[in-house]
Amino acid sequence: MSLNKKINDWSKKRVWIVGASTGIGAALADALHSRKAKVAISARSADKLNEMVTRFGASRAISLPLDITKVETIKAAEQELVDAWGGYDLVIFMAGDYHAMRAWEIDLQIAKKMMDVNWSGFMNGLSIVIPRFMQANDGGIALVSSVAGYRGLPKSLIYGPSKAALINLAETMFIDLKEKGLDIYLICPGFVKTPLTDKNDFDMPSIITPEEAALEIIKGFEKGEFEIHFPKRFTNMLKVLRHLPYSLYFAAIKRSTKL
Ligand SMILES: NC(=O)c1ccc[n+]([C@@H]2O[C@H](COP(=O)([O-])OP(=O)(O)OC[C@H]3O[C@@H](n4cnc5c(N)ncnc54)[C@H](OP(=O)(O)O)[C@@H]3O)[C@@H](O)[C@H]2O)c1
């Protein structure tokens with residue numbers, strides 16, 4: 001059963017991707033553009049966004065630089081988008097910051113920055129987007145979390161909890177906003193090869209390309225899924241682990257990661 005409306009004609013969609021300058025967001029912008037969606041792209045790196053808009057053509061793409069940790073920059077970008085296109089149909093909060101950290105390595109500055117982007121940044125964005133969609137009783141909001149949010153994992157001291165919070169947030173938003181006509185999507189990727197994971201010094205099982213991730217995300221929207229998770233060979237195994245009692249879960253993680 002689809003929990004959200006199925007998207008079957010991208011040519012009628014105006015999609016705003018926040019966190020589109022590199023990695024999964026950039027690949028998704030490319031894939032949506034090639035399906036004839038209009039794409040609004042945001043991140044801090046205005047140069048990369050402008051280069052993408054030049055490639056896509058200014059009639060079907062707009063660059064809206066912002067820093068998700070600074071609410072006034074999101075507000076200005078959103079207003080610019082509404083002024084330019086009269087509104088938008090789907091917003092994907094994709095911006096993320098990641099640093100591997102174990103409990104004995106806690107660095108407060110890095111930890112706070114991760115929470116600022118991955119958690120507070122999402123609050124900033126939602127405070128602007130939800131009222132806009134509520135006026136129309138329509139619109140879709142996607143939160144990009146991670147399978148790292150399913151349960152505690154080694155090297156995921158702050159990143160994991162920031163993504164776990166987004167899973168709970170998306171569930172709560174679905175409960176509150178579905179009846180108001182909004183669609184809420186939770187996106188949980190496994191490992192994807194991007195600048196974010198390039199710094200990892202450990203084996204990343206079932207790693208996929210950003211282009212493959214983008215196709216999975218589009219497939220999920222087209223099916224109207226609430227949770228879009230991939231690659232299934234990896235995420236389904238983690239979903240089983242999610243339901244194990246602690247004694248078995250901790251032992252399985254120790255055995256499989258050797259950490
Ligand atoms: N790669 C994976 O294996 C994986 C797995 C699970 C979940 N995810 C999640 O997927 C999302 C995309 O990650 P990715 O792997 O594609 O990484 P990425 O290539 O590093 O992309 C991160 C994006 O977020 C933007 N961003 C970072 N800080 C920002 C800020 N303060 N304000 C606005 N934009 C900001 C970056 O642009 P600027 O630097 O230009 O601002 C970039 O466009 C993240 O939320 C990540 O946690 C990734």
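**Exercise 1. Place Lys 155 and judge its backbone and its cover.**

Step 1. Lys 155 sits in the loop between S5 and H5. Helices (H or I, at least four residues) and strands (E, at least two) are DSSP runs, numbered from the N terminus.

Step 2. Residues are numbered from 1 along each chain as its sequence is written. The model is predicted, so local features need pLDDT of at least 70 and side-chain atom pairs count only at pLDDT 80 or more, totals for chains, interfaces and linings use all residues, and side-chain values use heavy atoms, with hydrogens and water left out.

Step 3. Lys 155 is not a glycine, yet its phi is positive, about 70 degrees.

Step 4. Lys 155 has a relative accessible area of 17%. Buried means under 20%, exposed over 50%, partly exposed in between (1.4 Å probe, protein chains only). Lys 155 is therefore buried.

**Exercise 2. Do the same for Ser 206.**

Step 1. Ser 206 belongs to the loop between H6 and helix H7 (210–223).

Step 2. Its phi is near 55 degrees, a positive value in a residue other than glycine.

Step 3. Relative accessibility is 25%, so Ser 206 counts as partly exposed.

**Exercise 3. Find which peptide bond is cis, and where its proline lies.**

Step 1. The bond from Phe 230 to Pro 231 is cis, with omega near -10 degrees.

Step 2. Pro 231 is in the loop between strand S7 (227–230) and H8.

**Exercise 4. Sort Lys 75, Lys 239 and Ile 141 into buried or exposed.**

Step 1. Lys 75 lies in helix H3 (residues 71–85). Its relative accessible area is 56%, so Lys 75 is exposed. Its C-alpha atom is 20 Å from that of Met 115, 40 residues away along the chain.

Step 2. Lys 239 is in helix H8 (residues 232–242). At 18% relative accessibility, Lys 239 counts as buried. Its side chain makes a polar contact with the side chain of Tyr 150, at 3.3 Å. A polar contact is a pair of N or O atoms within 3.5 Å; within protein, one must be able to donate a hydrogen and the other to accept it, and residues adjacent in sequence count only if both atoms are side-chain atoms.

Step 3. Ile 141 is in strand S5 (residues 140–144). Its relative accessible area is 0%, so Ile 141 is buried. The C-alpha atoms of Ile 141 and Phe 93 are 7.7 Å apart, with their positions 48 residues apart along the chain.

**Exercise 5. Describe the surroundings of the ligand.**

Step 1. Count the shell. There are 29 residues around the ligand, and Arg 44, Ser 45, Tyr 159, Val 192 and Thr 194 come nearest. A residue is near if one of its heavy atoms lies within 4 Å of the molecule or strand.

Step 2. Sort by class. The shell has 15 nonpolar, 11 polar and 3 charged residues. Ala, Val, Leu, Ile, Met, Phe, Trp, Tyr, Cys and Pro count as nonpolar, Asp, Glu, Lys and Arg as charged, and the others, Gly among them, as polar.

Step 3. List the ligand oxygen distances. A side-chain N or O atom of Ser 45 is 2.4 Å from a ligand oxygen. For a polar backbone atom of Met 94, the distance to a ligand oxygen is 2.8 Å. For a backbone N or O atom of Ala 95, it is 3.5 Å.

Step 4. Assess the cover. Taken alone, the ligand exposes 870 Å², and the protein buries 93% of that. Accessible areas come from the Shrake-Rupley method with a 1.4 Å probe; for residues, only the protein chains shown count as cover.

Step 5. Name the elements. Helix H1 (23–34), helix H5 (159–177) and helix H6 (195–198) each give two or more residues to the shell. The largest share, 3 residues, comes from H6.

**Exercise 6. Analyse the aromatic rings.**

Step 1. State the rule. Rings of Phe, Tyr and Trp (its six-membered ring) pair if their centres lie within 6.5 Å; planes under 30 degrees apart count as stacked, over 60 as edge-to-face and the rest as tilted.

Step 2. Count. This rule gives 11 aromatic pairs.

Step 3. Take one pair. Tyr 98 and Tyr 159 are edge-to-face, 4.8 Å centre to centre, with 75 degrees between the planes. Tyr 98 is in the loop between strand S4 (90–93) and helix H4 (108–136), Tyr 159 is in helix H5, and the two are 61 residues apart. Both are buried.

Step 4. Add the cluster. Trp 10, Tyr 185 and Phe 221 form one aromatic cluster.
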